[in-house]
Each structure stands twice: as C-alpha cells, then as structure tokens.
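Thanks for making time this morning. I will go through one structure, starting with its rings and then turning to its cores.

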Amino acid sequence: MALPKINVPKYKLKLPSDGRTVNFRPFLVKEEKLLLLATETGEQEDIVSAIKNIIKECTDIQEVEKLATFDIEYVFLQIRTKSVGESVEVNVTCPDDGETTVPVSIPLDEIKVQKNRTHKSELKLSDEVIITMGYPSLDSFVKINFGEETSQIEQVFEMAAGCVKTIADANQVYDCADSTKQELVEFFDQLNSKQFMMIQEFFETMPKLSHTVKVTNPNTGVESEIVLEGLASFFA
C-alpha cells in the first residue's frame with residue numbers, strides 16, 4: 001500500500017551577488033542527517049560534499065561550485081532557517097571584560113549580506129601590474145567555517161592563491177587558471193607590505209553575512225554592541 005506523501009513548501013530568494021532569483025525548499029531529515037554525519041567526522045571533504053548536496057537538492061542552482069562564498073552562506077542560511085526555525089540562540093562574549101558569556105537569540109531572517117562600498121575586485125598593485133580577484137570557493141568556505149584554525153596571514157595567502165583570476169602587466173594578461181598554486185604563492189610572496197595589505201583589504205571588505213546584537217554584561221551592567229560575521233558566528 002502506497003503511503004501518503006508530505007507536501008514540501010517552496011520559497012524564493014535573490015542571490016546577493018547578482019540578484020538572480022533562486023527557488024528553494026527546506027532540507028529534509030535525510031539531508032540533515034548527511035550534514036550531521038559530515039560535521040561529526042570533521043573531514044573537510046565530507047562537509048563540502050554535504051553542503052554541496054544540500055544546496056543542489058534544495059535549490060534549482062546548477063553550478064554550486066561557482067557561487068561566491070557569501071552566496072553560499074546566504075543560501076545555506078535561508079535553507080536552514082526554513083528547515084529548523086526562524087531564530088537561533090548563540091553564546092557571545094561581552095567585550096567590556098572579554099570573558100563573560102551571555103546567550104543571545106538572533107532572528108535569522110534579520111541576518112543580511114552586508115556590502116562595503118569601498119570593495120573592488122580589480123587591484124592596482126603598481127603602475128604596471130593589475131590583478132583581478134574572484135571570491136573563495138566552496139572548499140575555502142568550508143575550511144574557513146568548519147576547518148582547523150590557521151594564522152590570518154596563512155589564510156590570506158591560501159585564499160589569494162585560490163582566488164586570483166588574472167594578473168596583467170604592460171605586455172600581457174596572464175590567466176591564473178594556467179598557473180600552479182605554487183607559482184601563484186610565489187607571486188604573492190614578492191609583494192611589499194602595502195601591496196599585501198591591498199589583498200587583505202579585498203578579503204576583509206568583501207560582502208559577508210553580518211548582524212549586530214546588543215548585550216548587557218550581568219556582572220558589570222555595561223551594554224555593548226557586537227557585530228557577528230560569517231555563517232559560523234550564528235551557530236556557535
């Protein structure tokens with residue numbers, strides 16, 4: 001005897017990067033199970049596969065790998081919001097003493113992708129050299145949000161080598177897809193401090209999930225504002 005099927009609601013969202021409309025649905029228990037199993041193993045490959053499968057199964061996006069990092073975060077957040085609840089409770093540290101933690105309830109539908117007006121993807125390193133940057137891949141997204149902690153400088157070098165699209169000088173435009181990762185790392189190694197800061201600024205100012213919360217330290221009575229950024233901040 002055939003059992004009844006449960007209708008799953010459908011929703012729409014707009015990608016922050018280009019405003020494209022995407023149809024999506026909540027993830028089902030079978031998909032949530034995949035994510036839970038992947039995070040339990042801690043293996044980056046498993047987490048990448050689980051997130052990729054959830055976005056592919058729950059949306060009409062065909063090429064998940066080509067999404068900007070902040071698009072992935074936003075889409076995943078929207079799927080999660082419609083799947084398990086409209087709010088989430090996280091523990092944050094009060095900035096006035098740096099040690100007292102307090103719980104904060106965050107309405108997930110209030111979390112938006114914030115864009116910085118100064119952000120640009122074309123960086124003029126010198127009078128002759130201009131590089132064009134792309135955004136971190138799905139693998140980088142998982143490594144940042146779920147992987148082992150690394151120093152900020154190592155993280156910038158790793159991401160820069162994976163995100164640079166072209167390098168142009170006075171004579172030629174070099175497609176970085178034709179270069180090895182080692183060659184790209186060596187290119188960034190030769191930058192001076194000012195040029196390296198431009199690379200850092202690109203990643204620091206790129207669009208990201210962001211939400212400001214107000215907290216009151218129960219021990220001191222001091223009220224502070226805390227800016228939470230990145231998907232991992234909302235599930236800590």
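**Rings and cores**

Let me start with a charge over a ring: Lys82 lies over the face of Tyr11, 4.7 Å from the ring centre. Keep in mind that this is a predicted model.

Next, the aromatic pairs. There are six of them in the structure. Take Phe187 and Phe188: the ring centres are 5.4 Å apart and the planes stand at 75°, so this pair is edge-to-face, the class for planes over 60 degrees apart. Are these two residues buried or exposed? Phe187 has 16% relative accessibility, so it counts as buried. Phe188, at 2%, also counts as buried.

Phe202 and Phe203 form another edge-to-face pair, with 5.1 Å from centre to centre and 75° between the planes. Phe202 is buried, with a relative accessible area of 2%, and Phe203 is buried with 7%. These two rings belong to one aromatic cluster together with Phe70 and Tyr135.

Now the cores. In general, nonpolar side chains in soluble globular proteins tend to be buried together. Here, the largest nonpolar core has 41 residues. Which residues have the most contacts inside it? They are Ile55, Ile79, Val92, Ile106, Leu209, Val215 and Leu228.

Several elements give two or more residues to this core. The helices are α1 (29-41), α2 (44-58) and α3 (69-84). The strands are β2 (21-24), β3 (87-93), β4 (101-107), β10 (208-216) and β11 (223-229). Which element gives the largest share? That is α3, with seven residues.

Ile79 shows what the surroundings look like for one of these core residues. Leaving out residues up to four places away in sequence, Ile79 touches Phe24, Arg25, Pro26, Phe27, Ile54, Ile55, Cys58 and Thr59.

Apart from this core lies another one, of 22 residues. Among its members are Met159, Ala161, Val164 and Phe203. Phe203 we have already met, in the aromatic pair with Phe202.

Last, one residue in a strand. Val102 is found in β4, and at 10% relative accessibility Val102 counts as buried. What does Val102 touch, again not counting residues up to four places away in sequence? The list is Val90, Asn91, Val92, Cys94, Val215, Thr216 and Pro218. Thr216 is 114 residues from Val102 along the chain, and the C-alpha atoms of the two are separated by 8.2 Å.

That is the end of the tour.

How values were computed. Residues are numbered from 1 along each chain as its sequence is written. This is a predicted model: local features need pLDDT of at least 70, side-chain atom pairs count only at pLDDT 80 or more; totals for chains, interfaces and linings use all residues. Side-chain values use heavy atoms; hydrogens and water are left out. Rings of Phe, Tyr and Trp (its six-membered ring) pair if their centres lie within 6.5 Å; planes under 30 degrees apart count as stacked, over 60 as edge-to-face and the rest as tilted. Buried means under 20% relative accessible area, exposed over 50%, partly exposed in between (1.4 Å probe, protein chains only). A charge sits over a ring if NZ of Lys or CZ of Arg is within 6 Å of the ring centre and within 35 degrees of the ring normal. A nonpolar core is a set of buried Ala, Val, Leu, Ile, Met, Phe, Trp, Tyr and Cys residues joined through side-chain atoms within 4.5 Å. Helices (H or I, at least four residues) and strands (E, at least two) are DSSP runs, numbered from the N terminus. Contact means heavy atoms within 4.5 Å.
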